[in-house]
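Trainee: I'm new to this one and would like to learn how to read its strands and contacts. Can we go through it together?

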Amino acid sequence: MPQAFNLSVIFFSVTYLRRLSDCLLISLLLLSNNVQANDLSSWNIWKQNSELSVFYRASQYDDVIEIKAQAKVNSTLTGFIYFIEDFKQVPHWLDNVESAKCISQSSKNESVFITRFKGLWPISAREIVAHSRYWQNEDLSIEIAVKDASNAIEKNQDVIRMHVLSAHWTIVPMSADRIAITYQFMVDPKGNIPLWLTKPMTLNGIWTTLHNIQSQLPQSKWQQQVNDDIKEMQ
């Protein structure tokens, strides 16, 4: 076979593959943009102002919604971490909480805790047992992964134990003393409570919680503390 024909075949093949690759890349970009657009449009706004927002959407679980709460607050990264780890103070800012206690701590950034919520007719008292671990990324943002840890302790017979389906915090520094918080979670309340009853209570509760964090966190004693494992924005 003549060499010129070989070269033309190779040139055509390379050109074709490049065009095919470009088409695939464009298709992937369009698909990615559509997925992002659909993801954003799937969230419903519950309440929102210039610094706080609460969104919700349906989930794959019956009678469970996924919630995304966001807040911009004056605080250091260290101040926020120490604030939410101060279990004695949790009932002062987390809505409808009776008590919170650390069960075990395997490292400085990893622990198992139990939170008990007050009963409010017709809903009985409930509790959550969860495992929490945080880490700091290269961009200085902090993430906190929370998962269910019901097996860590026996259930109290007088309360219903809820189940954490998913929960994740992201804390991004905006300046040396201001952060942006995002908390996204799904919790199964158990006890066969209809969604029409749990939905407004949960959404109002997280909105109240955001307000409490916004007012209490900047004044917390933890703002003056330093954590050698957390790098602050300068």
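Mentor: Sure, let's start with strand 3, residues 65–73. Seven of its nine residues are buried, so strand 3 is largely enclosed by the rest of the structure. Keep in mind that this is a predicted model.

Trainee: How many bridges join strand 2 to strand 3, and do they run parallel or antiparallel?

Mentor: When you read a pairing, look at the bridges and at the direction of the two strands. Strand 2 covers residues 52–58, and seven bridges tie it to strand 3 in an antiparallel arrangement. For one facing pair, find Ala58, which sits opposite Ile65 of strand 3.

Trainee: And what should I look for in the hairpin of strand 2 and strand 3?

Mentor: Check the residues between the strands and their backbone angles. This hairpin has six residues between its strands, and Asp63 there has a positive phi near 60°.

Trainee: Which strand besides that one is joined to strand 3 by seven bridges?

Mentor: That's strand 10, residues 178–188, again running antiparallel to strand 3. Two facing pairs let you follow the match: Lys68 is across from Gln184, and Gln70 is across from Thr182. Here's a handy general idea for stepping along a strand: in a regular one, side chains alternate between the two faces of the sheet.

Trainee: How many bridges join strand 9 to strand 10?

Mentor: There are 11, and these strands are antiparallel too, with strand 9 spanning residues 163–175. Ser166 has Met186 in strand 10 as its bridge partner. Strand 9 and strand 10 make a hairpin with two residues between them.

Trainee: Now for single residues. Is Ile114 buried or exposed?

Mentor: For that, read the relative accessibility; under 20% means buried. Ile114 comes out at 11%, so it counts as buried. You'll find Ile114 in strand 5, residues 110–117.

Trainee: What does Ile114 touch?

Mentor: Leave out residues up to four places away in sequence, and its contacts include Ser99, Ile103, Glu127 and Val129. You can also compare positions along the chain with positions in space: Ile114 and Phe87 are 27 residues apart in sequence, with 9.6 Å between their C-alpha atoms.

Trainee: Glu127 came up there. Where is Glu127 found?

Mentor: Glu127 belongs to strand 6, residues 126–136. With a relative accessible area of 1%, Glu127 is buried. Beyond four places in sequence, Glu127 touches Ile114, Thr115 and Arg116, among others, including Lys155 and Met162.

Methods. Residues are numbered from 1 along each chain as its sequence is written. This is a predicted model: local features need pLDDT of at least 70, side-chain atom pairs count only at pLDDT 80 or more; totals for chains, interfaces and linings use all residues. Side-chain values use heavy atoms; hydrogens and water are left out. Buried means under 20% relative accessible area, exposed over 50%, partly exposed in between (1.4 Å probe, protein chains only). Helices (H or I, at least four residues) and strands (E, at least two) are DSSP runs, numbered from the N terminus. Two strands pair if DSSP finds at least two bridges between them. Contact means heavy atoms within 4.5 Å.
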